[in-house]
Amino acid sequence: IFSRVSDLFYRRGYVVAGVSSDEDEEKERHLIEALKQRGVDGLLLASCSLPHREGLSAIGFGRPVVLFDRDRPGARLPVVAVDNEHATRLLTRELIARGHRHIALFYVTPWLSTIRCRMQGFHRAMRECGLADNTLLERQIDVRALRPQMQDALNDCCGSPGGATAVVLLNNVLGAEAVYCLNRLWRLPQK
């Protein structure tokens with residue numbers, strides 16, 4: 001995505017620079033301040049912390065801001081995002097249609113709007129299909145301990161008879177790590 005955005009702006013005479021806060025609120029504020037000091041023309045922001053326009057005003061940003069990927073209720077800023085709840089609802093319903101009744105849910109940072117909406121979509125699909133939410137098959141994964149927590153979650157939720165037969169992973173980092181761990185633990189093509 002970054003490459004396409006960069007190309008689009010380049011054709012209009014702008015240079016796009018990317019930074020990451022790693023979901024750290026203090027780092028995000030510092031990066032915004034640093035970008036302001038360097039005179040950037042605007043921000044495309046997937047914020048982990050700034051709750052509203054006043055948050056940007058408080059540091060005197062004063063330049064155009066467009067939120068992407070994550071909506072910040074009350075921000076009164078333009079947002080470009082997908083319908084995360086609907087997409088996860090459709091994904092979960094498809095797993096159910098394929099016969100899965102015990103579906104694990106692994107997530108990170110549930111306070112982010114994208115993750116919260118994806119969780120809502122998962123739970124809504126389970127209810128709509130008459131399946132009880134099973135919090136025993138849900139795990140919050142800390143990305144700072146990604147591999148051991150993913151291995152533990154997979155073993156706990158999927159490693160025994162009657163365990164989960166499918167896992168919904170609510171971001172790409174979890175998806176990549178789950179595939180790695182599953183291949184290492186159970187050799188996916190054979191299982």
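## Two sheets and two cores

Biologist: Which residues of S6 form its covered face, and which its uncovered one?
Modeller: This is a predicted model. In a regular strand, side chains point alternately to the two faces of the sheet. S6 spans residues 166-169. Its covered face holds Ala166 and Val168, and its uncovered face holds Val167 and Leu169.

Biologist: How many bridges join S4 to S6, and in which sense do they run?
Modeller: Two residue pairs show how the strands line up: Ala104 has Val167 as its bridge partner in S6, and Phe106 stands opposite Leu169. S4 and S6 run parallel, and the number of bridges joining them is four.

Biologist: Which residue of S5 stands opposite Tyr107?
Modeller: S4 also pairs with S5, which covers residues 138-140. That pairing is parallel and has three bridges. Opposite Tyr107 stands Gln140.

Biologist: Which residues of S4 lie on one side and which on the other?
Modeller: S4 is mostly covered, with five of its five residues buried. Both of its faces are covered. On one side are Ile103, Leu105 and Tyr107; on the other are Ala104 and Phe106.

Biologist: Which residues have the most contacts inside the largest nonpolar core?
Modeller: That core has 30 residues. At least two residues each come from H4, S4, H5, H6, S6 and H7. The residues with the most contacts inside the core are Ile103 and Phe106.

Biologist: Which element gives the largest share of this core?
Modeller: The largest nonpolar core numbers 30 residues. Six residues of this core, its largest share, come from one helix. That helix spans residues 146-158 and is H6.

Biologist: Which residues does Phe106 touch, not counting those up to four places away in sequence?
Modeller: Phe106 is buried in S4. Among the residues in contact with Phe106 are Leu137, Arg139, Ile141, Met150, Ala153, Leu154 and Cys157. The others are Val167, Val168, Leu169, Leu170 and Leu174.

Biologist: How many residues does the other core have?
Modeller: A second core lies apart from the 30-residue one. Its members include Ile32, Leu45, Val65 and Leu77. The number of residues in this core is eight.

Biologist: What is the order of the strands in the open sheet of three?
Modeller: Strands of a sheet pair through backbone hydrogen bonds, parallel or antiparallel. In this open sheet the pairing is parallel. S1 (43-45) and S3 are the edge strands, each pairing on one side only. The order is S1-S2-S3.

Biologist: Which residue of S3 stands opposite Leu67?
Modeller: S2, residues 65-68, pairs with S3 in the parallel sense over two bridges. Opposite Leu67 stands Val79.

Biologist: Why does Val80 count as exposed?
Modeller: Val80 sits in S3, residues 79-80. Together with Leu44 and Phe68, Val80 forms a nonpolar surface patch with about 260 Å² of accessible area. The cut-off for exposed is over 50% relative accessible area. Val80 counts as exposed because its value is 55%.

Biologist: Is Thr109 buried or exposed?
Modeller: Thr109 lies in the loop between S4 and H5 (113-128). Its phi is near 30 degrees, a positive value in a residue other than glycine. Its relative accessible area is 13%, and the limit for a buried residue is under 20%. Thr109 is therefore buried.

Biologist: What separates the C-alpha atoms of Gly99 and Thr165?
Modeller: Gly99 belongs to the loop between H4 (84-97) and S4 (103-107). Gly99 is partly exposed, at 47% relative accessible area. Along the chain, Gly99 and Thr165 are 66 residues apart, but their C-alpha atoms are separated by 9.2 Å.

Biologist: How far apart in space are Val15 and Asp41, C-alpha to C-alpha?
Modeller: Val15 lies in the loop between H1 (2-10) and H2 (25-37) and is exposed, at 78% relative accessibility. In sequence, Val15 and Asp41 are 26 residues apart. Their C-alpha distance in space is 9.8 Å.

Biologist: What pattern does the chain follow, read along the sequence?
Modeller: The chain has seven helices and six strands. Of its 191 residues, 37% are buried. Along the sequence the pattern is α-α-β-α-β-β-α-β-α-β-α-β-α.

Terms used. Residues are numbered from 1 along each chain as its sequence is written. This is a predicted model: local features need pLDDT of at least 70, side-chain atom pairs count only at pLDDT 80 or more; totals for chains, interfaces and linings use all residues. Side-chain values use heavy atoms; hydrogens and water are left out. Patches are made of residues with over 30% relative accessible area and no salt bridge: like charges are joined within 9 Å, nonpolar side chains (Val, Leu, Ile, Met, Phe, Trp, Tyr) within 5 Å. Accessible areas come from the Shrake-Rupley method with a 1.4 Å probe; for residues, only the protein chains shown count as cover. A salt bridge is a side-chain nitrogen of Lys or Arg within 4 Å of a carboxyl oxygen of Asp or Glu. Buried means under 20% relative accessible area, exposed over 50%, partly exposed in between (1.4 Å probe, protein chains only). A nonpolar core is a set of buried Ala, Val, Leu, Ile, Met, Phe, Trp, Tyr and Cys residues joined through side-chain atoms within 4.5 Å. Contact means heavy atoms within 4.5 Å. Two strands pair if DSSP finds at least two bridges between them.
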